[in-house]
Amino acid sequence: MGLYFRQLMNSTLLAYDDTDNLETIADYAFAGERSLVSVSMPMLTALPSNCFRGCSALMDVSFPKVLATNDQSFSYCESIERIRLVPFLLTLIFPFLLALTG
């Protein structure tokens with residue numbers, strides 16, 4: 001299921017690059033992955049509730065086909081620097097994401 005890049009010492013997830021073309025993921029799918037820095041899921045169409053909750057190191061996310069998101073998708077993700085979404089969706093949720101992250 002996708003390409004995982006894990007740190008060898010403690011098996012923490014550093015990056016996830018979806019190679020299986022997943023269109024959906026579950027609520028809390030990556031929640032609590034505090035070492036996760038980047039995620040790319042080119043075919044994902046929606047961001048469910050709390051899917052990245054508590055991913056405090058997450059900096060770079062790419063979901064070019066996401067058309068729907070939940071207001072808690074990125075809760076407690078204080079390090080986000082770059083979000084790549086469908087352009088009109090980013091315009092709608094960006095102010096809300098800023099409020100969540102800091």
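This is a short chat about a predicted model of one protein chain.

Q: What pattern do the helix and strands follow along the sequence?
A: Read along the sequence, the pattern is β-β-β-β-β-β-β-α, which amounts to one helix and seven strands, where helices (H or I, at least four residues) and strands (E, at least two) are DSSP runs numbered from the N terminus. Residues are numbered from 1 along each chain as its sequence is written. Because the model is predicted, local features need pLDDT of at least 70 and side-chain atom pairs count only at pLDDT 80 or more, while totals for chains, interfaces and linings use all residues, and side-chain values use heavy atoms, with hydrogens and water left out.

Q: How much of the chain is buried?
A: Buried residues, meaning those under 20% relative accessible area (exposed is over 50%, partly exposed in between, with a 1.4 Å probe and protein chains only), make up 35% of the 102 residues.

Q: Okay, where is N21, and what is its phi?
A: N21 sits in the loop between β2 (13–17) and β3 (38–40), and its phi is near 55°, a positive value in a residue other than glycine. Most residues other than glycine have a negative phi.

Q: Which loop holds Y76?
A: Y76 lies in the loop between β6 (68–69) and β7 (82–84), and its phi is also positive, at about 65°, although Y76 is not a glycine.

Q: And what does A26 touch, beyond its neighbours within four places in sequence?
A: A26, which is found in the loop between β2 and β3, is in contact (heavy atoms within 4.5 Å) with P48 and C51. A26 counts as partly exposed because its relative accessible area is 48%.
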